[in-house]
Amino acid sequence: MNIRPLHDRVVIRRMEEERTTAGGIVIPDSAAEKPIRGEVMAVGNGKIMDNGDTRALDVKVGDKVLFGKYSGTEVKVDGEDLLVMREEDIMGVIEG
């Protein structure tokens with residue numbers, strides 16, 4: 001990947017959501033919502049605090065995360081749609 005986020009920003013690739021419901025109904029692309037789960041592809045160096053120190057980020061490359069439906073800025077890098085957002089926009093890390 002040819003992108004390195006700055007400071008407390010992360011680059012995320014959306015994970016595809018299920019296209020069928022529990023009852024077996026297939027959801028068409030036009031009715032499907034944007035996924036709110038993704039995989040961290042790159043992280044910045046950390047958040048710069050008021051005193052000038054840098055605080056390392058809690059997420060790392062490869063983490064599966066949850067984020068808001070409209071969080072981040074969509075960018076296209078090497079033909080792939082990615083999201084760039086601040087670490088504070090991430091709601092949690094999916095473990096296991």
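# Exercises on an all-strand fold

Of the contacts (heavy atoms within 4.5 Å) between residues at least 6 apart in sequence, 63% join residues at least 24 apart. The model is predicted: local features need pLDDT of at least 70, side-chain atom pairs count only at pLDDT 80 or more, and totals for chains, interfaces and linings use all residues. Numbering starts from 1 along each chain as its sequence is written, and side-chain values use heavy atoms, with hydrogens and water left out.

## Exercise 1. Inventory

Task: State how many helices and strands the protein has, and describe its surface.

Solution.
- Step 1. Take the elements as DSSP runs, numbered from the N terminus: helices are H or I of at least four residues, strands are E of at least two.
- Step 2. Count them. The protein has zero helices and eight strands. Along the sequence this reads β-β-β-β-β-β-β-β.
- Step 3. Turn to the surface, by the Shrake-Rupley method with a 1.4 Å probe, where for residues only the protein chains shown count as cover. The accessible surface is about 6,600 Å², and 49% of it belongs to carbon and sulfur atoms.
- Step 4. Sort residues by relative accessible area: buried is under 20%, exposed is over 50%, partly exposed is in between (1.4 Å probe, protein chains only). Buried residues make up 27% of the 96 residues.

## Exercise 2. The sheet

Task: Give the strand order of the open sheet and find its edges.

Solution.
- Step 1. Apply the pairing rule: two strands pair if DSSP finds at least two bridges between them.
- Step 2. Start with β6 (residues 73-77) and β7. They pair antiparallel over five bridges. Within β7, D81 stands opposite K76.
- Step 3. Check the turn. The β6-β7 hairpin has two residues between its strands, and D78 takes a positive phi near 55° there.
- Step 4. Move on to β1 (residues 9-14). Four bridges join β1 to β7 (residues 80-86), and the two run antiparallel. V11 has V84 of β7 as its bridge partner. R9 faces R86 of β7.
- Step 5. Write the full order. The open sheet has six strands, β6-β7-β1-β2-β5-β8, with antiparallel pairing.
- Step 6. Find the edges. β6 and β8 (90-94) each have a single partner strand, so one side of each lacks a neighbour in the sheet.
- Step 7. Add the twist. Neighbouring strands are turned by 45° against each other on average, direction ignored. Here axes are lines fitted to C-alpha atoms, for helices over the stretch in contact, and angles run from 0 to 180 degrees between N-to-C directions.

## Exercise 3. The cores

Task: List the residues of the largest nonpolar core, then name strands that supply it.

Solution.
- Step 1. Recall the rule: a nonpolar core is a set of buried Ala, Val, Leu, Ile, Met, Phe, Trp, Tyr and Cys residues joined through side-chain atoms within 4.5 Å.
- Step 2. Read off the ten members: V10, I12, V40, L57, V59, V65, F67, L83, M85 and I90.
- Step 3. Assign strands. β1, β5 (64-67) and β7 each supply at least two residues of this core.
- Step 4. Follow one member. Not counting residues up to four places away in sequence, I90 touches V10, I12, V59, V65, L66, F67 and M85.
- Step 5. Look for another core. One of five residues lies apart from the largest core, with V11, A42, V77 and L82 among its members.

## Exercise 4. Polar residues under cover

Task: Decide whether E87, S71, R14 and K64 are buried or partly exposed, and find their surroundings.

Solution.
- Step 1. Place E87 in the loop between β7 and β8. Its relative accessibility is 10%, so E87 counts as buried. A polar contact of 3.4 Å links its side chain to that of R55. (Such a contact is a pair of N or O atoms within 3.5 Å; within protein, one must be able to donate a hydrogen and the other to accept it, and residues adjacent in sequence count only if both atoms are side-chain atoms.) Beyond its neighbours within four places in sequence, E87 contacts D8, R55, L57, D58 and V59.
- Step 2. Place S71 in the loop between β5 and β6. At 14%, S71 is buried. With neighbours within four places in sequence left aside, S71 contacts L83, M85 and D89.
- Step 3. Place R14 in β1. At 18%, R14 is buried. Its C-alpha atom lies 4.2 Å from that of G38, 24 residues apart along the chain.
- Step 4. Place K64 in β5. At 31%, K64 is partly exposed.
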